Amino acid sequence: MITVERLQAPDAAYVELLDKTVFGNRGLAFRRTNWPDVVARWQRLGGAFLVARDGDRTVGTYALVPHPIQLAGQDVTAWYRAALSVAPDTRGQGVGAQLAAEVKRLFVDEAEGPVVCYGIVERDNEPSQRVQIGVGYAPIAACVALPVGSLRPRGCEGFGPLEASEVDHVAGLLAERWSGHVLGTDFRGSLSPDDTRVLRVDGRIVASLTGRLTSVDITAMPGVRGGLLRAASPLLRQLTPLFATRPNRHLVLANLWWETPEALARLVSAALHEHRVAHGIVFTDYRSPLRPVFRDGLRGPVHKLVPAPALDVWAGWKGLTDEAIRALSDLPHAFAPGDAA
Ligand SMILES: CC(C)(COP(=O)(O)OP(=O)(O)OC[C@H]1O[C@@H](n2cnc3c(N)ncnc32)[C@H](O)[C@@H]1OP(=O)(O)O)[C@@H](O)C(=O)NCCC(=O)NCCS
């Protein structure tokens, strides 16, 4: 019999299952290779970890990371769902559905105040989509994993860490730039000076980003079933010494703010240089102004080789005002998926 319970902290078996998991199946398929770092960060942020067991054996995982947001002026607890995995030999037997049902019960149905529980699912990942549909979640937004790269990432003058005293200022700038963004504009919590970098001109901040180093093994790409990546890999191998890049390390970029596109492009390039990687990934929505910034500002080969996979944000919620629900559900109409190329 399968049992699902909440863990105080992820144990070794939990991390081991995640370590072996290939996420996605028919589109972008990848294995994340720094799970201990990832779950430690989620723990620091107050994350919750659910495990499915068959007797003593760990056969499924699901994690949630909280952050407060405002939707149409209403304070809401948002839980970001991630790390849904079922051991390959146990798939198709309802374990994923059981985990998702328990997450919904604990974090949506039994929540005290207004809550939204959301997660990103690749459009080609049918089993995961079925799991979302099974618990009554709805797609609220379309987004894309935009890979950005720079052939020769370089440092630049004025690049440096965000000072603790500047957090409020940059949080305000971000709130303004992303004011229409559905999943909130409260940036204070995620603007850690440890991994946020800014570009200054004459002492004034002209661009900012948060860059978290992660490592991923990409095993297949959308549409090309891995063929494009295989074709490209000899080229990537040749380029590797140029950047002193360790394979498969990249920066996940967040909290992007810029006064001019050129400033952001310079900052991204300097951040890639600092972390000795050649590429980063931004999860962004279809109407994002970031695409032309990266397309025109960073002319490296990486983002041309790696197609951007399409994703959807699936959410369930409770206790939201009609305006807040509209803020969630109006969003897909504001997107222009035709821009996805
Ligand atoms: C996604 C995943 C967790 C699903 O877990 P699971 O235990 O196999 O799912 P379940 O047995 O509970 O099935 C849930 C639904 O998915 C459907 N499903 C399961 N496997 C499927 C498959 N290979 N193709 C299509 N549908 C599938 C089931 O029929 C069921 O649909 P229903 O509710 O309409 O009956 C599992 O496939 C997995 O670990 N995948 C790799 C990691 C991953 O991609 N995680 C999601 C990241 S967003």
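Is Arg249 buried, exposed or partly exposed, and how many C-beta neighbours does Arg249 have inside 10 Å? In this predicted model, the count comes to 17, so Arg249 falls into the partly exposed class, given that a residue needs 20 or more such neighbours to be called buried and 12 or fewer to be called exposed. Arg249 sits in strand β11, which covers residues 249-258. Setting aside anything within four places in sequence, the contacts of Arg249 are Leu213, Ser215 and Val277. Arg276 is 27 residues away from Arg249 along the chain, with a C-alpha to C-alpha distance of 8.8 Å.

Turning to the ligand, 21 residues surround it, and those that come nearest are Arg91, Gly96, Ala97, Pro127 and Arg130. Three elements each supply two or more residues to this shell: strand β5 (74-86) and the helices α3 (95-109) and α4 (126-134). The largest share, 6 residues, is the work of α4. By residue type, the shell around the ligand splits into 10 polar, 8 nonpolar and 3 charged residues.

Then there is the nonpolar interior. The largest nonpolar core holds 80 residues, and the members touching the most others are Val116, Leu264, Leu267, Val268, Ala315 and Leu328. Helix α7, residues 261-274, is the top contributor to this core with 8 residues. Both domain 1 (2-142 + 310-335) and domain 2 (146-305) put residues into the core, which is why it lies between them.

Definitions and conventions: Residues numbered from 1 in each chain as written. Predicted model: local features only at pLDDT ≥ 70, side-chain atom pairs only at ≥ 80, totals over all residues. Helix = DSSP H or I, 4+ residues; strand = E, 2+ residues; numbered from the N terminus. Contact = placed C-beta atoms within 7 Å. Near = placed C-beta within 6 Å. Nonpolar A, V, L, I, M, F, W, Y, C, P; charged D, E, K, R; others polar. Core = buried A, V, L, I, M, F, W, Y, C linked by C-beta atoms within 7 Å. Domains from an automatic or database assignment.
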